[in-house]
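User: Please walk me through the internal spaces and the helix packing of this model. Short answers will do.

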Amino acid sequence: MKNLVALSISVAILLSLAACGGNTASPSAPASSGTVSSAKSAEAAGSENDEVYVFNFGTNQPATHIVAEAYQGLVDELNEQGGGRIKATAYFSEQLGNEKEMVDMVANGINDMVVAPGHSALSTYYPSLQIFDAPYVFDTPKQMLNFANGDGLDPMWDDMASTTKIRVLGTYYFGSRHLTCNDIDVKTPADLKGMKLRVIDAPISLATGRALGADPTPLAYSELYLALSQKIVDAQENPLANILSAKFYEVQNELVLTGHVLAPVAFVINEEKWQSLPDDIKAIVQTAVDHAVAKGSQLIEEAEKSQISELEGYGMKVLHPDVEAFKANAKSVIDEFSSNWNEGLYESAIATPKE
């Protein structure tokens, strides 16, 4: 049903493009308050050409997710600082499509969006981003953020924007990814043999699932709870915040603290849209994204301090596996994929300061 909604939205946008000579129309069913106008408005204030800049923010996360405060804050800041020249709306819970569909929409310029996808979805366009989803590359969240948002990666972001039409405006920490399952005392990768583990539909995620010892099974996030409850898949891996917000503890009784990926999420925008913006609008957007990056990372890191206990309160058994055994298996993922990455990228990542 959600794919049908996303398709309907895309068709409506394309029809509007044909009718309006290239101005991007916005979807008609926002998840948050406010309305989205057309890209032109005779009533816009403070702009020489009376243009209103439309940003439809999409995410696969629900409005109840802990980081939704940062997402809505981004949209609110854009509207407030735009002074009538910006109309931004947040769309939660895959209203604009799943992660891959939203990234495709950005790359193809079907819709002008500031969207929050994981780097797994982005890596299908730019393989070097696989490094962020390769297991056990980073030791601390700060190390990952220092690497992703440091000046040293600016040439890569520019190259990605040029070759894919997707510009990364900032990356925040989304949490350490852990496994959940039912009734298996997981200590090493061997204990996961034969388990159907839901993973993101991206090559690096499939390889990581195999390295963890499981049978990786790609599946849309919105379908995961039902798939777990019906035992279509046996296990899943996500940050603690997702396990809580999606209530996976209702259908999984064990939390396995593998911490195999320090998950990043990026705010992205279509490159042609970005380059078409006047400098003052660019500055507003970039500042709002910077604030959302800081807020999102803060919300996740603070929440993680108590989330394990919270999941225990819901009846989950917390397992502490042999992480070194998982790390040993994970080296196969680096060996398989690092040849696809920009030269020296892996070495730069592991040498980044951890604090």
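Analyst: This is a predicted model. A good place to start is the largest cavity, lined by S120, D133, R177, V199, I200, S205, T208, G209, L212, E237, H260 and V261. The elements that give two or more residues to this lining are α7 (203–211) and β7 (254–270).

User: Which element gives the most to the lining of the largest cavity?
Analyst: The candidates with two or more lining residues are α7 and β7. S205, T208 and G209 are among the residues that line the cavity, and they fall within 203–211, the range of α7. With three residues, the top contributor is α7.

User: How many of the residues lining the largest cavity are charged?
Analyst: The lining includes D133, R177 and E237. Asp, Glu and Arg count as charged. Alongside four nonpolar and five polar residues, the charged ones number three.

User: How many cavities of 30 Å³ or more are there?
Analyst: The largest cavity has a volume of about 80 Å³. The second largest holds about 30 Å³ of space. With that cut-off, the count is two.

User: How do the residues lining the second largest cavity divide by class?
Analyst: The lining is made by A134, P135, Y136, V137, F138, G259, H260, V261 and L262. Gly counts as polar, and G259 is one of the lining residues. The division is seven nonpolar, two polar and no charged.

User: What is the volume of the largest pocket, and which residues lie nearest its centre?
Analyst: The volume of the largest pocket is about 450 Å³. Two or more lining residues come from each of α3 (99–108), α4 (119–123), β3 (166–181), β6 (235–239) and β7. By class, the lining has 13 nonpolar, ten polar and seven charged residues. Of its 30 lining residues, those nearest the centre are N60, E99, R198, I200 and D201.

User: How are α7 and α12 oriented, and what is the hand of their crossing?
Analyst: The axes of α7 and α12 (residues 323–337) come within 8 Å and cross at roughly 150 degrees. Angles over 145 degrees count as roughly antiparallel, so α7 is roughly antiparallel to α12. The crossing of these two helices is right-handed.

User: Which residues of α12 meet α7, and how does the contact divide by class?
Analyst: From α7 come P203, I204, A207, T208, R210 and A211. T208 also lines the largest cavity. On the α12 side the partners are N329, A330, S332, V333, E336 and F337. By class, this contact has seven nonpolar, three polar and two charged residues.

User: How are α2 and α11 oriented to each other?
Analyst: The axes of α2 (residues 68–82) and α11 (residues 279–313) come within 9 Å. They cross at roughly 155 degrees, and the crossing is right-handed. The cut-off is 145 degrees, and α2 and α11 are therefore roughly antiparallel.

User: What classes of residue make the contact of α2 with α11?
Analyst: From α2, the contact uses E69, A70, L74, E77, L78, Q81 and G82. From α11, it uses I284, V285, T287, A288, V289, H291, A292, K295, G296 and L299. Sorted by class, the contact has nine nonpolar, five polar and three charged residues.

Notes: Residues are numbered from 1 along each chain as its sequence is written. This is a predicted model: local features need pLDDT of at least 70, side-chain atom pairs count only at pLDDT 80 or more; totals for chains, interfaces and linings use all residues. Side-chain values use heavy atoms; hydrogens and water are left out. On a 1 Å grid over the protein atoms alone, a cavity is a set of points where a 1.4 Å probe fits but cannot get out, and a pocket is an open set with protein on both sides within 12 Å along at least five of seven lines; lining residues have an atom within 4 Å of a point. Grid points are joined across faces, edges and corners, and a volume is the space filled by probe spheres set on the points. Helices (H or I, at least four residues) and strands (E, at least two) are DSSP runs, numbered from the N terminus. Axes are lines fitted to C-alpha atoms, for helices over the stretch in contact, and angles run from 0 to 180 degrees between N-to-C directions. Angles under 35 degrees count as roughly parallel, over 145 as roughly antiparallel, 65 to 115 as roughly perpendicular and the rest as oblique. A crossing is left-handed if the near helix is turned anticlockwise from the far one by less than a right angle, and right-handed if clockwise. Contact means heavy atoms within 4.5 Å.
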